[in-house]
Each structure stands twice: as structure tokens, then as C-alpha cells.
Amino acid sequence: MLYQFCPCCGGRLTKTDSAAPQCQTCHYIFYQNSAPAFGALIMNEQGQVLLAKRQHEPEQGKWDLPGGFLDYGEEAEAALKRELEEELNITAVKYELLDSEIGDYVFQGREFKTLNLFYLVTEYQGTIVAKDDVASVYWFDKQNIPTSGWAFNWISKVITRWQNS
Ligand SMILES: [Zn+2]
């Protein structure tokens, strides 16, 4: 159980027969969902894909795809557009949902589940500039993408499936 206390009243949470713990005091049932996030496989006209080196912890300096977490109430495609503007200074024009994968993400010493959506971006406007969470970017041919040094194993799983599709 990730949390010990009720977010509504501070009472103690206890395990129940169902998946969600319940507050002993106010009886609030605390459902915990995976946190939604996304990654973008951006392709250029030569069919190469863009990989990013992470600027910050966790997993600073490792390979990643541009992306991030969805804000509360934000639609996935709005998050995709927002993050690509923030991190790369481009506007996504043509994109489609490619795949998804559950991840184990450690933040501030605690591990939680993430639901990672992956979008294939085949058209964008603007010139790519690495900024914000992205230290630098590199283009790779689809069959020559690094197999090690990834920040998160779920990304390499998705890339391998995409290479073999
Ligand atoms: Zn409570």
C-alpha cells in the first residue's frame, strides 16, 4: 500500500477485500490509479527517429523519448502538443497513438505505476531546439536505435515492438 493515511480526513487507511484501501474514520475508499504519461516517437522525412538525453533526475543523462506527465484533467493529445513545444520548440501536426506500456517510476523515493502512452509523430512544424527537460537530441535510423542506456525499460520495449512491426 503506497499511502498510510486518508487524503480527506487524515484517518488511517486499511486494506480491504477489494483493490482499494479504505479510511477507518470517514470510510472514504481511496482508489489509486496509474499516473498517465506519454512519450513521442518523432520521425523526420528520412524516416529517422529522435531520441533525447535527459537533462534532470531521475535517470539524468540517459536515453529517453520526449514526453512527460499529463496535467490533471488534460487530454493526452493536448499534453503531447504542450510538451513538444516546451521541450523541443515544435508543434506536432500529424500524430497517432502507437502503443502503451505500464511503468514503475520512482519519484522522491517512492515507486508508483505510470500508464505510458506512445504517439508516433510523423509531421511537425518548427525547428527542433533541445530545452527544458531535454539536454540534447539525436536522430537514429529505425534499425540502429541504442539497445542500452535507456532511462526506462518500458520505452525500449515499445521501441523494439515498433521496430519489429
Ligand atoms: Zn478519511
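In what order do the three strands of the open sheet with antiparallel pairing lie? In this predicted model, the order of that open sheet is β5-β4-β9, and its pairing is antiparallel. The strands at its edges are β5, residues 63-64, and β9, residues 134-140, each of which pairs on one side only. Between β4 and β9, which run antiparallel to one another, there are six bridges, and within this pairing V49 is placed opposite F140 of β9.

The sheet just described is part of a chain that contains two helices and nine strands, and when these elements are read along the sequence they follow the pattern β-β-β-β-β-β-α-β-β-β-α. The C-alpha trace of the chain spans about 60 × 30 × 30 Å along its principal axes. The domain assignment divides the chain into domain 1, covering residues 1-32, and domain 2, covering residues 35-163, and the centres of domain 1 and domain 2, taken over C-alpha atoms, are separated by 34 Å. Of the 165 residues in the chain, 24% are buried. Among the contacts with a separation of 6 or more, 57% are made by residues that lie 24 or more positions apart.

A further set of pairings involves strands β3, β6, β7 and β8. Strand β3 pairs with β8 in the parallel sense, over eight bridges, and in this arrangement I42 stands opposite V121 of β8. Strand β3 also pairs with β6, here in the antiparallel sense and over three bridges, with G67 in β6 as the bridge partner of G39. Strand β3 is mostly covered, since six of its eight residues are buried. Strand β8 pairs in turn with β7, which comprises residues 91-107, and this antiparallel pairing extends over 15 bridges; L97 is found opposite Y119 of β8. The strands β7 and β8 form a hairpin with two residues between them, and in its turn Q108 has a positive phi of about 50 degrees.

Several residues of these strands recur in the largest nonpolar core, which has 29 residues, and of these F38, A40, L41, I42, L80, Y119 and V121 touch the most other members. Two or more residues are given to this core by each of β3 (35-42), β4 (49-54), α1 (76-88), β8 (110-125) and α2 (153-163). The surroundings of A40 illustrate how separate parts of the sequence meet here: when neighbours within four places in sequence are left aside, A40 is in contact with L65, P66, G67, L80, L84, Y119 and V121.

Helix α1 was examined in greater detail. The helix has 13 residues and reaches 18 Å from its first C-alpha to its last, which is close to the 18 Å expected at 1.5 Å a residue. Its buried residues are A79, L80, E83, L84, E87 and L88. These residues lie on the same side of α1, because they cover an arc of only 125 degrees around the axis. Such a pattern can be read against the geometry of a helix: an α-helix has 3.6 residues a turn, so residues three or four places apart point the same way. The cover over the buried residues of α1 includes β3, β6 (67-69), β7, β8 and β9.

Not every residue of α1 takes part in this buried set, and E86, which is found in the helix, offers a contrasting case. E86 counts as partly exposed because it has 14 C-beta neighbours inside 10 Å, whereas a residue would need 20 or more to be buried and 12 or fewer to be exposed. The C-alpha atoms of E86 and V129 are separated by 9.7 Å, although the two residues are 43 residues apart along the chain. Just after α1, N89 takes a positive phi of about 70 degrees.

Definitions and conventions:
Residues numbered from 1 in each chain as written. Predicted model: local features only at pLDDT ≥ 70, side-chain atom pairs only at ≥ 80, totals over all residues. Core = buried A, V, L, I, M, F, W, Y, C linked by C-beta atoms within 7 Å. Helix = DSSP H or I, 4+ residues; strand = E, 2+ residues; numbered from the N terminus. Contact = placed C-beta atoms within 7 Å. Pairing = 2+ DSSP bridges. Domains from an automatic or database assignment. Expected span 1.5 Å × (residues − 1). Arc of directions from axis to C-beta.
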